[in-house]
Amino acid sequence: MSIEKVRAHFRTLGIENRILEFSVSSATVELAAAALNTQGKRIAKTLSFLVDEKAVLIVAAGDAKIDNRKFKDFFHTKAKMLSPEQVTTLVGHAIGGVCPFAVNEGVDVFLDESLKRFETVFPACGSSNSAIELTVPELEKYSGFKEWINVTKLPQAE
């Protein structure tokens, strides 16, 4: 199970006790926000794309949407999300629990600028009923991210 992979990864970092598990689903931004009693925009959603025949993860704020033009300008290809089967096979986590921790070898993780608005954010931990609260510097440290990018747009009311 993916949460066990994340738990083992976090154990080596001394933070496994910070994983939050819920009796309800946290598989979507809305469900995670409700489970955590926080704003949806503070959920650090992990989106899975196929770029040059390999999986790429983009961690973005819960209220951010992929901007196709920015995505194409950065990755030099059209944004193509992975199918649920591809996510499980290529990334190592199932839809609803995809996170930037303990992913399969060769998966690049990018952090989107939309996260920098917050002191702490809540990414999933490999299951559809888990999360962890991390500061943005902790997210950088524990995700093994490749770089910060700006490939999203925020709601106009922001």
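In this predicted model, the largest pocket holds about 360 Å³ of space. Its lining is made up of 24 residues. Ala 27, Lys 45, Thr 46, Gly 96 and Val 98 are the lining residues that lie nearest the centre of the pocket. Sorted by class, the lining has 16 nonpolar, seven polar and one charged residues.

Several secondary-structure elements contribute to this wall. At least two lining residues come from each of α2 (29–36), β2, β6 (120–123) and β7 (130–131). The biggest contribution to the lining of the largest pocket is that of β2, with six residues.

The strand β2 (43–51) also leads into the interior, as one of the elements that give two or more residues to the largest nonpolar core. That core has 33 residues, and within it Phe 10, Phe 101, Leu 115 and Leu 139 have the most contacts. Besides β2, the elements giving two or more residues are α1 (2–13), β3 (54–61), α4 (84–91), β5 (108–112) and α5 (136–143). Of these, β3 supplies the largest share, five residues. In soluble globular proteins, nonpolar side chains tend to be buried together.

Phe 10 shows how parts of the chain meet. Leaving aside residues up to four places away in sequence, Phe 10 touches Ile 15, Glu 16, Ile 19, Phe 101, Cys 125, Ile 132 and Tyr 142. Phe 101, one of these partners, is itself among the residues with the most contacts inside the largest core.

There is also a second core, separate from the largest one, with 11 residues. Val 51, Ile 66, Phe 75 and Val 151 are among them.

Terms used: Residues numbered from 1 in each chain as written. Predicted model: local features only at pLDDT ≥ 70, side-chain atom pairs only at ≥ 80, totals over all residues. Heavy atoms only, no water. Core = buried A, V, L, I, M, F, W, Y, C linked by side-chain atoms within 4.5 Å. Buried < 20%, exposed > 50% of the residue type's maximum accessible area, 1.4 Å probe, protein only. Helix = DSSP H or I, 4+ residues; strand = E, 2+ residues; numbered from the N terminus. Contact = heavy atoms within 4.5 Å. 1 Å grid on protein atoms, 1.4 Å probe; cavity = no way out; pocket = protein on both sides within 12 Å on 5 of 7 lines; lining within 4 Å. Points joined across faces, edges and corners; volume = space filled by probe spheres on them. Nonpolar A, V, L, I, M, F, W, Y, C, P; charged D, E, K, R; others polar.
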